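Work through the exercises below with the sequence and the 3D view side by side. Try each task before you read its solution.

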Amino acid sequence: MPVTAAESAAYRLEGYLPGRPLLTEAEATRYRDACIRTCGEPMKDGVHRQASNRVKPYILYPWAAELVRNPRILDAVEALIGPDILTFHTTVWFKDANSPNFVPWHQDATYFGLAPFEHVTAWVALTPSTPENGCVRILPRSHTNGQRGHRDERDQRAMLSRGQTVTDPIDDAAGVDLLMRPGDVSFHHTLAMHRSAPNRSDAPRIGVGVSYIPPHVAHIGKTRLSATLVRGTDRFGHFDPEPRPTADADPAAVAAHADALGRFWVASESIPEMAHIH
Ligand SMILES: O=C(O)CCC(=O)C(=O)O
């Protein structure tokens with residue numbers, strides 16, 4: 001289901017595209033099972049709220065490396081940001097059955113420090129995603145007002161690395177729930193405000209948020225970060241390349257992942273330009 005010119009225009013206007021079936025049911029089931037096997041148990045480092053195996057898993061696990069290179073997802077991303085594409089980041093959003101964890105209203109740009117603001121997140125549903133189990137809720141056109149201020153949310157149930165929350169008052173009723181079936185993929189702009197509620201169902205809700213950027217986008221902080229070219233050519237070299245794993249968490253993959261994540265944590269916590277929003 002290709003993204004049409006009218007849909008690209010709608011993405012630019014609204015800041016998101018609702019879910020569309022880009023993976024088959026069989027693919028979604030295979031990825032879901034692999035995701036539960038490798039990321040079902042969170043690996044916490046005692047410092048960061050997010051489990052390390054759920055961040056940039058495409059450096060650790062072949063299933064995730066394959067997913068971020070899925071040609072149907074990349075065709076859609078190409079329609080939104082052009083033919084040269086890097087995977088900059090990925091988060092497995094794993095909400096356990098009956099979990100109180102939630103994601104506060106935020107803009108992804110807040111913790112990435114990338115310029116210009118061209119990054120798009122593909123959110124891949126590996127289970128159904130509904131209001132009951134805490135689907136993503138997005139605020140249409142909220143990407144048109146630049147980077148907004150955020151404060152840290154102390155509530156440990158907030159699933160973002162520092163629980164970043166938009167300080168602007170938000171009209172929650174203006175939000176749109178992104179209802180997804182397994183294999184559906186939605187897209188949101190890096191400045192689009194979104195949140196998600198606790199999972200009040202008896203089954204896990206699993207989605208994978210894959211961040212894609214064109215290679216002219218650069219990180220604004222001092223730390224040199226890594227990214228993976230998944231389509232086209234990188235003529236800019238703003239990021240160090242990341243190796244592709246050959247087996248689940250093989251030693252080379254574990255080392256590369258630790259290196260990439262270490263740099264990402266430093267950068268996302270210390271970008272001077274972001275001081276006012278952290
Ligand atoms: O999956 C969720 O609940 C939150 C997703 C999200 O914040 C994102 O993909 O940027």
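**Exercise 1: Strand 14 and its neighbours**

Threonine 87 faces threonine 228, a residue of strand 14. The model is predicted: local features need pLDDT of at least 70, side-chain atom pairs count only at pLDDT 80 or more, and totals for chains, interfaces and linings use all residues. Residues are numbered from 1 along each chain as its sequence is written, and side-chain values use heavy atoms, with hydrogens and water left out.

Task: find which strands join strand 14 (residues 226–231) by bridges, and in which sense strand 2 and strand 14 run.

Solution.
- Step 1. Fix the terms. Strands are DSSP runs of E with at least two residues, numbered from the N terminus. Two strands pair if DSSP finds at least two bridges between them.
- Step 2. Look at strand 2. Its link to strand 14 has 3 bridges, and the two run antiparallel.
- Step 3. Look at strand 15. Strand 14 and strand 15 run parallel, joined by 2 bridges. Here serine 226 is opposite aspartate 240 of strand 15.
- Step 4. Recall the general rule. Strands of a sheet pair through backbone hydrogen bonds, either parallel or antiparallel.

**Exercise 2: The two sheets**

Task: state the strand order of the sheet with 7 strands, and name its edge strands.

Solution.
- Step 1. Read the order: 1-10-5-12-2-14-15, an open sheet with mixed pairing.
- Step 2. Find the edges. Strand 1 (16–21) and strand 15 (240–241) each pair on one side only.
- Step 3. Check strand 2 against strand 12 (residues 205–213). They run antiparallel and share 9 bridges. Lysine 95 has arginine 205 of strand 12 as its bridge partner.

Task: do the same for the sheet with 4 strands.

Solution.
- Step 1. The order is 3-11-6-9, in an open sheet with antiparallel pairing.
- Step 2. The edges are strand 3 (103–106) and strand 9 (176–177), each paired on one side only.
- Step 3. Strand 6 (residues 136–138) meets strand 11 (residues 194–196) through 3 bridges, in the antiparallel sense. One partner pair is valine 136 with serine 196.

**Exercise 3: Around the ligand**

Task: list the residues around the ligand and sort them by class.

Solution.
- Step 1. Apply the cut-off: a residue is near if one of its heavy atoms lies within 4 Å. This gives Trp93, Lys95, Val103, His106, Asp108, Thr121, Trp123, Val136, His188, His194, Ser196 and Arg205.
- Step 2. Sort them. The shell has 4 nonpolar, 5 polar and 3 charged residues. Ala, Val, Leu, Ile, Met, Phe, Trp, Tyr, Cys and Pro count as nonpolar, Asp, Glu, Lys and Arg as charged, and the others, Gly among them, as polar.
- Step 3. Trace the strands. Strand 2 (85–95), strand 3, strand 5 (120–125) and strand 11 each give the shell at least two residues.

Task: how far are side-chain N or O atoms of aspartate 108 and histidine 194 from a ligand oxygen?

Solution.
- Step 1. For aspartate 108, the distance is 3.0 Å.
- Step 2. For histidine 194, the distance is 2.9 Å.
- Step 3. Turn to cover. On its own the ligand has 300 Å² of accessible area, and the protein covers 98% of that. The areas come from the Shrake-Rupley method with a 1.4 Å probe.

**Exercise 4: Two backbone details**

Task: locate the cis peptide bond and the positive phi.

Solution.
- Step 1. The bond from alanine 115 to proline 116 is cis, with omega near -5°. Proline 116 lies in the loop between strand 4 (114–115) and strand 5.
- Step 2. Arginine 141, a residue other than glycine, has a positive phi near 65°. Its loop runs between strand 6 and strand 7 (150–151).

Note on methods:
A polar contact is a pair of N or O atoms within 3.5 Å; within protein, one must be able to donate a hydrogen and the other to accept it, and residues adjacent in sequence count only if both atoms are side-chain atoms.
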